[in-house]
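Subject: Structure handover

Hi,

Here is the structure for you to load. My notes on it follow below.

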Amino acid sequence: MQLSIKPHTKDTYPLSAVLIKGNNMHHWVKEIQFMKLDLLSLNTYILPGNTPNSMYGCLVVHKPEIKISDLRSHTRCQFVHGLLFIPEKSVLFPRLTETEAVRIFNSKLHILHPEFGLAELEHTVDWNKYLAAPLVANAISKQPLESVTIPSLVKSFQVKAVSPEQALEELDQKAFPKSEKFDDKPLSSSEKRKLDTYKKYFKRTKNANGEYEISTTPAFERYSWWRNLFSKKDSTWKEDMVQEYEDLEYRNQKNIDKLLDLFEKNPDEALKYAIPLDEGGTNRGPDGGLLDFSKRWNDFGLWSQVNSTGGGGGSTIANEQYQKLQEQYRKAAEDLIKKKEYHKAAFIYLKLLKYPLLAAQTLENGKLYQDAASIYIKHLNDKNGAARCYESGNMILEAIEMHKDLNNHEKVGDLYVKLKRKGDAYKYYDMVADSYKQNGQYIKASLIYKYKMEDPMRGQDILLMGWCEGKDAYNCLNNYFANIPDVKLLHNQINQVYRNHVNDHNKEQFLQVMKLEYQKHKEIGAPIRELAYEIVVSRIDKNPGIAEELKAFNEKNTLLGKDLSRFRTRKNNFLSGLTGGLLNTKQ
């Protein structure tokens, strides 16, 4: 039997292979890749050429269901009875049954092509022999950190605040001058006690020439009697006591006088030697308390307690000198404020004069909000002041925490809105509105919904609730109607409220609301007047005086006034007579 193939208009058998021409295996691999076929999952057969030891090309066999979008210039092949490949758009002649095909081809794969004839497909190409794996570089990959995205729109801006403790520590370092001490040897503890004792017996005053004189006190006279009784041999004891008192007083007063004089000449230098006072005067006594000039500034840090002086060597300070020091400190602070040296001025107020409020206010006025807030928190326990400073300094999250502690929920919501966090803001606005509702303040609650939460319809519901529950009902209903700008819609709402939410308990109050709406909206005056008549007729038996309300709806109707006058004298006939009169006199 001689087999041949002839052209045909369609494919009779499934397309299951691609024929690639050319004798270069590198070309075959490139073409297979271009067709997006998986090289290692295919069966590839070498096709013989017309001359010995030559190659016509290769046949790439694939599954029939695989679709090839880019066939390029290659030819597809039909698969006849699972044994013979023939070109597409061709037909085998004569036709073979499957049994004949198995007998003729002996169950082996063949291909029939007009250019090279019939050939058996014996061996598939083992690509592992011909393809070399690419060289892999021994490189260590590093994963980059997440990049920072530059926003196209800045929605909010805030300053990140440090803790109050850290702020005060930095304030210590910025504001405190380098401390010094006078070269004079301070009084020891025993010398201080001795000077205090001498002050009970001697009094030091200035004479007309400005010189100091020593006089004795009544206490010394009692002491002198006992001393003379037991020590008659020592005749100079009094002079020795006076001399020692003068020496101690000189050493003591020398530092104070030097400090006061230094403040006059060089306030900045004087701050290096300044000693802390307190507002109540606990560092002085009737005869002068004890203050230590030899302490370092780190003992006066913002966290230290300086109300007491301890038992080290030091000097005493009299009331007059205490007052002078206070004046010098205040003047120095005011001068520093004029120079805009707010940190130094705050240091004087806080640690020398012990006025933490003035210190905080000085820093706040100088727009040093972080430092001011820290003093409000740690020294004054004033969270309102701290919150104000945090907000002024755009430290919004810290301000929010302060207002949360103070239960200022509306302010918390306002600050969250600044941060564009409306979800968090609305949670706190809801708390405010709920609080208003619990207190019967329905109008305030409605304003929160309308303006803060941008939900006017919910605000309207709250106002209507206030009317129905009788909580500031008149004002609630007035506001409810005032929020309806469209007159037609307003007319509709008036009718709905009257039908659904007006009863014998609030009818007369509704009439008062209608008086106001009648004056505001003349274009719907007629239907409003009709409602007024209906209310008056329904309530006149229980409250005859309600008839007077009709004057507000009939300003130009003089007959109505006469009817009402007659009604006051003849109440029994008013209902039947006035009702008929109203129908004739309505405008």
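Helices α9 and α10 run roughly antiparallel to each other, because the angle between them is over 145°. This is a predicted model, so please read everything here as computed from it. The angle is about 155°, and the two axes lie 7 Å apart. The crossing of α9 and α10 is left-handed. On the α9 side, the contact uses Y329, A332, A333, E334, L336 and I337. On the α10 side, it uses Y342, K344, A345, I348, Y349 and L352. For orientation, α9 spans residues 319-338, and α10 spans residues 342-352.

A second helix pair is α16 with α17 (residues 442-452). Their packing angle is about 160°, with 7 Å between the axes. α16 and α17 are therefore roughly antiparallel to each other. Their crossing is left-handed. α16 contributes Y426, Y429, D430, V432, A433, D434, Y436 and K437 to the contact. α17 contributes Y442, K444, A445, I448, Y449 and K452.

Now the chain as a whole. It has 587 residues, and 41% of them are buried. Its secondary structure comes to 24 helices and 13 strands. Take the contacts with a separation of 6 or more: 59% of them join residues 24 or more positions apart.

Next, the nonpolar cores. Which residues touch the most other members of the largest core? They are Y329, I348, F481 and F510, in a core of 94 residues. Helix α10 supplies the largest share of this core, with 7 residues. Another core lies apart from it. That one has 15 residues, including V29, L42, V60 and I68.

Y329 deserves a line of its own. Beyond its neighbours within four places in sequence, Y329 is in contact with L259, F263, A274, I275, L277, I348, L352 and L353. Two of these partners, I348 and L352, also appear on the α10 side of the α9 and α10 contact.

Helix α15 covers residues 409-418. Its buried residues are V412, G413, L415 and Y416. Viewed down the axis of α15, they fall within an arc of 165°, so they line one face of the helix. An α-helix has 3.6 residues a turn, so residues three or four places apart point the same way. What covers the buried residues of α15? The cover includes α13 (383-392), α14 (396-405) and α16 (422-438). Just after α15, K420 takes a positive phi of about 65°.

Two single positions to finish. L195 sits in helix α5 (residues 189-201). Why does L195 count as buried? Its relative accessibility is 0%, and the cut-off for buried is under 20%. L195 and D247 are 52 residues apart along the chain. Their C-alpha atoms are separated by 9.6 Å.

N506 is in the loop between α20 (487-501) and α21 (507-520). Buried or exposed? N506 counts as buried, because its relative accessibility is 9%. Leaving out residues up to four places away in sequence, N506 touches W467 and H501.

Best wishes

Conventions. Residues numbered from 1 in each chain as written. Predicted model: local features only at pLDDT ≥ 70, side-chain atom pairs only at ≥ 80, totals over all residues. Heavy atoms only, no water. Buried < 20%, exposed > 50% of the residue type's maximum accessible area, 1.4 Å probe, protein only. Helix = DSSP H or I, 4+ residues; strand = E, 2+ residues; numbered from the N terminus. Arc of directions from axis to C-beta. Contact = heavy atoms within 4.5 Å. Core = buried A, V, L, I, M, F, W, Y, C linked by side-chain atoms within 4.5 Å. Axes fitted to C-alpha atoms, helices over the stretch in contact; angles between N-to-C directions. Parallel < 35°, antiparallel > 145°, perpendicular 65-115°, else oblique. Left-handed = near helix turned anticlockwise from the far one by under 90°.
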